[in-house]
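Here are my notes on the model you sent over. Have it open while you read, and go through the points in order.

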Amino acid sequence: MGMEAVIKTNNLSKVYKRLFKPKTHALDSLTITVPKGSVYGFLGPNGAGKTTTIKILMDLIKASSGSATVLGRPSYDVEVKGLIGFLPDSPAFSPQLTAFEFLNICAKLLKIPSDLRVNRIETVLETVKMSRHSRDKIGSFSRGMLQRIGVAQAILNEPKLLILDEPLLGLDPYGRQEFKQIILGEQAKGTSVFFSSHILSDVEEICDHIAILDKGKMLCAGRIDELLTASGTKAIIAPENDEALKELVTIAIATSRRDDGSWVLTFDNSNEIKIKLEDATKKFPQAIEISASHEKLEEFFFRIIKGDGAV
Amino acid sequence: MNEIIAIAGSTWKNVLRLKVVYFLVFCVWVLIASALNYDVLSLGLHKELLVDASLFLNTITGVLVIISLTFEIPKELKEGVASTMLSKPLGRTNYLIGKMIGYIVIGAIVCALVAIGSFLIFNVSFSEPIGVAMLQNHILIILSLIPMAAIAVLFSIALPEIIAPIVTVLVIWFAHSTSMLSNLPIIYGGIIPDLELFNFKSEAVYNNAVSWRYVVMVALWGICYAIFASSLASLIFSRKDIK
């Protein structure tokens, strides 16, 4: 039985034709599958085609060729939008309306029954920590507050799928932490999340799947733990074990000292090193802890973008 | 229908909270009242002059409100307000109709305020009730907002942001100039509406009323024209990429 997908694109392409200018291929034969229940990070440098993809999924722009389905229905189906929560890259709302009024309009558009509306709006405002600003005009809000209202309108309908374009932009570290909790909370409720971001450490923290895009083309996609392969071996030397440290430090490719006095040594994957590590572990069994060293998402991202190899 | 009302509601709430709207109404009242100072220059016809000024200035006020729609839609599309709304289960046609109705309501409220102000100025200045013809013409000015809003929606979707207001102003000006350009009958009532149907100032100043049936027929014509123009706008908008 195949994996159930919430987003599926098939050879999706977008070409911008402009008078007296060469054609721009914003998206080139993109094929992705976002599994149900996943938190899917959509990565790529500026101009990679992330926002174009998201806007095609939301039927805000039309694909030049290819197809896209969202929750099993064509992306141009108006009714499917009632099951999606969407946050655009630069959220902008009617400035003269209060946060409550704006969310009330969104609730009407989402066909939330009138007897449930107020309660639902109060709940989402509480979730994004904006309850005390509910009667303030949106025009007076900072970038971070606008982002919070954007998140509030996106989760208003308890969506089955959240599509977020750069949701962490404009949030302070505290706000980012809260936002990640919101995403994980939504995932726990069964919501699938598809979002683009430049903040790789956050993506690594909360995503279980990623796709990397560059110049409109997909470079890689898959489970994050499968993509970030074991790139070497890591040894943790317990504090005050100078003998063990002396034996291994000369063959390590990187060393760092932790606050507790222990040392973290990184080694490459050669057979010679493996033998030396096995010998040292036998010699100092209480002092050395060996584990696989995984590549960081940031390292992986730059390696892929620089063309060291597509996965 | 609820979605259209939601969009229209957000539009009029957003605009009617701008202080500049009420400043505009106040300025128009002052200009209408200033007609009273022309009793000598108008050879004692300042009562007729006041009626004429109130109708002319109310028409201009309505046009100004409608022109602001040609700024509003491109602005919402550019800034992403429209993206947020259109990411909800709201058809693009419903969005356009909602904006159009929103601006018709704004225009109706502003023009009604101008009309009420001019009735009060007339009543206080001449100690006589306002004429039926004056009332009818103010009603027709409010009804003329319907085809004008449809034109504004059409051009704000079909034309680039900078050109749309200019073309809209020109078309509305042509549409109000049927009597001067009457040798072009094919254009009027077709692509360009005949907004002179909504104007009988020259009769109204002498309190020569028209039949209420005429008012109803003109209103129906305006609605038909608005359906035609907004259908065209919807067709164009359905193929448009929203940045």
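1. Start with B:Ala150. Skipping its neighbours within four places in sequence, B:Ala150 is in contact with B:Met100, B:Tyr225, B:Ala226, B:Ala229 and B:Ser230. Bear in mind throughout that this is a predicted model.

2. Where does B:Ala150 belong? B:Ala150 is part of the largest nonpolar core, which has 142 residues. Along with A:Ala152, A:Ile163, B:Ala149 and B:Val153, B:Ala150 touches the most other members. As for who supplies this core, helix 5 of chain B (residues 92-126) gives the largest share, with 14 residues. There's also a second, separate core of 12 residues, and its members include A:Ala244, A:Leu245, A:Ala287 and A:Ile288.

3. Next, how the two chains meet. On the chain A side 25 residues are in contact with 24 residues of chain B. Which element of chain A gives the most to that side? That would be helix 2 (residues 99-109), with 5 residues. Sorted by class, the side of chain A that touches chain B comes out as 14 nonpolar, 5 polar and 6 charged residues.

4. Now the domains. Chain A splits into domain 1, covering 5-226, and domain 2, covering 230-294. Taken over C-alpha atoms, the centres of these two domains of chain A are 43 Å apart.

5. Chain A has an open sheet worth tracing by eye: 6 strands in the order 7-8-9-4-10-11, with mixed pairing. Strand 7 (84-87) and strand 11 (217-223) of chain A each have a single partner strand, so they stand at the edges with one side left without a neighbour in the sheet. On average, neighbouring strands here are turned by 10° against each other, ignoring direction.

6. Zoom in on one pair from that sheet. As a reminder, strands of a sheet pair through backbone hydrogen bonds, in either a parallel or an antiparallel way. Which sense do strand 4 (residues 39-43) and strand 9 (residues 192-196) of chain A use? They pair in the parallel sense, over 4 bridges. If you want a residue to click on, A:Tyr40 stands opposite A:Phe194 in strand 9 of chain A.

7. Last, the helices lying across these strands. Helix 1 of chain A (residues 50-57) lies across strand 4, strand 8 (161-165), strand 9 and strand 10 (209-214) of chain A, and runs at about 145° to strand 8. Helix 4 of chain A (residues 143-155) lies across strand 7 and strand 8 of chain A, at about 165° to strand 7. A:Ala152, named in point 2 as a core residue, is worth finding again here.

Key. Residues are numbered from 1 along each chain as its sequence is written. Chains are lettered from A and ligands numbered from 1 in the order in which they are written. This is a predicted model: local features need pLDDT of at least 70, side-chain atom pairs count only at pLDDT 80 or more; totals for chains, interfaces and linings use all residues. Domain bounds come from an automatic or database domain assignment. Two strands pair if DSSP finds at least two bridges between them. Helices (H or I, at least four residues) and strands (E, at least two) are DSSP runs, numbered from the N terminus. Axes are lines fitted to C-alpha atoms, for helices over the stretch in contact, and angles run from 0 to 180 degrees between N-to-C directions. Two residues are in contact if their C-beta atoms, placed from the backbone, lie within 7 Å. Ala, Val, Leu, Ile, Met, Phe, Trp, Tyr, Cys and Pro count as nonpolar, Asp, Glu, Lys and Arg as charged, and the others, Gly among them, as polar. A nonpolar core is a set of buried Ala, Val, Leu, Ile, Met, Phe, Trp, Tyr and Cys residues joined through C-beta atoms within 7 Å. A residue is buried if 20 or more other C-beta atoms lie within 10 Å of its own, exposed if 12 or fewer, and partly exposed in between; C-beta atoms are placed from the backbone.
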